[in-house]
Amino acid sequence: MQLVASLLASVAVAQAPAETPEVRPLLPTWKCTNSGGCVQQNTSVVLDFEYRNVHVAGGTTSCKTGNTLNKAQCPDAATCAKNCVVEPANYADLGVSTSGNALTMYHYVRVGGKLTSASPRVYLLGADGKYVMMNLLNQELTVDVDLSTLPCGENGAFYLSEMVADGSKNPGQFNVNGAAFGNGYCDAQCQGYCCNEMDIIEANSQAHVFTGHPCKGNNCDKGGCGYNAYASGQRNFYGPGKTVDTTKPYTVITQFPASGGKLSSITRKYIQNGRTINSGSINSCGSEGSTGGLTGMGQALGRGMVLAASIWNDAAQNMAWLDSGSNGPCASGQGSPSNIQSQHPDTHVIFSNIRWGDIGSTTKG
């Protein structure tokens, strides 16, 4: 998904929503240390700016052409702030809700009796209106997941992007209302702009992969260095009724141990039914000279990265890179969006109990 262009944060007051303030779903998270335990954080989720209606002030004409701002209404930041209004997003209509510490995202929603694709993407927002910057070098990130309704071809994604805290960075475009309206997205595919990306989870009920995507400037490792248990020969490790049984929730622990201030590996463990299950690790990540490699990934983790979550499917490849052929048990073409919509309209993902901090601290007790 390409990020919608937005306006400069300095003109955000003039670009306030037209009617009611945006109500963002609360999602408490926990920051942990081995000495002090886990402390609850006052956090929420914010939808990407792409999901908002931007229209002329006092009218209904869109200020967007596709996923970019229309130059007729928005030739520059100040003019756009005067001409156009950003409406608050309706989270429920876009498949996003929270309950306690659980975030639920539906791919398909019914609006006006019609089933449509919402495919939402959200970011973790702090009480200060800025993105939460997770500094994870020599730390770990833990989340409980429920992927039981995600069939072949669907992707519940939980990942880190090196966005800036105030959401203002988006070279060559305007930036408005900053992080509070979901601005400033970037990733290693250079959507929005190029930046380091760490995919903690890209998974459905049949297959699972975690992947580092380091960048050096605009040169990113788009394919990344990933670990997929099925592709490594562990055909009975992940899936319905398998070692990690995807018919039930499970806990994902991703650790980023460092040696001498440099990332030494990216390690994965699971907890299910009270049992810790060790998985694989990533010990190298492409060329340090061209894309930064494992060292560059560690530097990004040390600077701080923003947590993102999404649910999506893939019309071009049917998510074959994730779950079919040598990567998983799904049949060719089984994961087409049309199959998913007709056979699994209720597909959704639940991420809950998000904790990050010292290695070993997030799973105590």
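## Glu22, Arg24 and their network

Glu22 has a relative accessibility of 9% and therefore counts as buried, in a model that is predicted rather than determined by experiment. The partner of Glu22 in a salt bridge is Arg24, with 3.6 Å between the closest N and O atoms. Arg24, at 23% relative accessibility, counts as partly exposed, so this bridge joins a buried acidic residue to a basic residue that is partly exposed.

The pairing belongs to a wider arrangement, since a network of salt bridges links Glu22, Arg24 and Arg52. Across the model, the count of salt bridges comes to five.

## Salt bridges between distant parts of the chain

Side chains of opposite charge can pair when their charged atoms come close. One such case is the salt bridge in which the side chains of Asp48 and Arg121 meet, at 2.9 Å from N to O. Asp48 is placed in the loop between strand 3 (44–47) and strand 4 (54–56), whereas Arg121 belongs to strand 12 (residues 121–125), so that the pair ties together parts of the chain lying 73 residues apart in sequence. Both ends of this bridge are buried, because Asp48 has a relative accessible area of 0% and Arg121 has a relative accessibility of 2%.

A further salt bridge brings together the side chains of Arg355 and Asp144, with an N to O distance of 3.7 Å. This pair also links distant parts of the chain, for Arg355 is found in strand 29 (residues 348–358) and Asp144 in strand 14 (residues 139–146), at a separation of 211 residues. Arg355 and Asp144 are both buried.

## Glu154, a buried acid without a salt bridge

Glu154 is located in strand 15, which covers residues 154–161. Although Glu154 is buried, it takes part in no salt bridge, and the nearest side chain of opposite charge, that of Arg121, is 14 Å away. Arg121 itself is engaged in the salt bridge with Asp48 already described.

The surroundings of Glu154 can be described through its contacts. When neighbours within four places in sequence are left aside, Glu154 is in contact with His107, with Ala203 and Asn204, with Ile311, Trp312 and Asn313, with Met319 and Leu322, and with Ile340 and Thr347.

## Ser290 in a loop before helix 2

Ser290 is situated in the loop that runs between strand 27 (275–282) and helix 2 (293–303). The relative accessible area of Ser290 is 32%, and the residue is therefore classed as partly exposed.

Not counting residues up to four places away in sequence, Ser290 touches Lys216 and Asn219. The C-alpha atom of Ser290 is separated by 8.2 Å from that of Cys220, a residue 70 places away along the chain.

## Positive phi in residues other than glycine

Ser119 has a positive phi of about 45° although it is not a glycine. Ser119 lies in the loop between strand 11 (114–117) and strand 12, and it counts as buried because its relative accessibility is 12%.

Asn353, likewise not a glycine, has a positive phi near 55°. Asn353 lies in strand 29, the strand that also holds Arg355 of the salt bridge with Asp144. With a relative accessibility of 23%, Asn353 counts as partly exposed, whereas Arg355 is buried.

Key
Residues are numbered from 1 along each chain as its sequence is written. This is a predicted model: local features need pLDDT of at least 70, side-chain atom pairs count only at pLDDT 80 or more; totals for chains, interfaces and linings use all residues. Side-chain values use heavy atoms; hydrogens and water are left out. Helices (H or I, at least four residues) and strands (E, at least two) are DSSP runs, numbered from the N terminus. Buried means under 20% relative accessible area, exposed over 50%, partly exposed in between (1.4 Å probe, protein chains only). Lys and Arg count as positive and Asp and Glu as negative; His and the chain ends are not counted. A salt bridge is a side-chain nitrogen of Lys or Arg within 4 Å of a carboxyl oxygen of Asp or Glu. Contact means heavy atoms within 4.5 Å.
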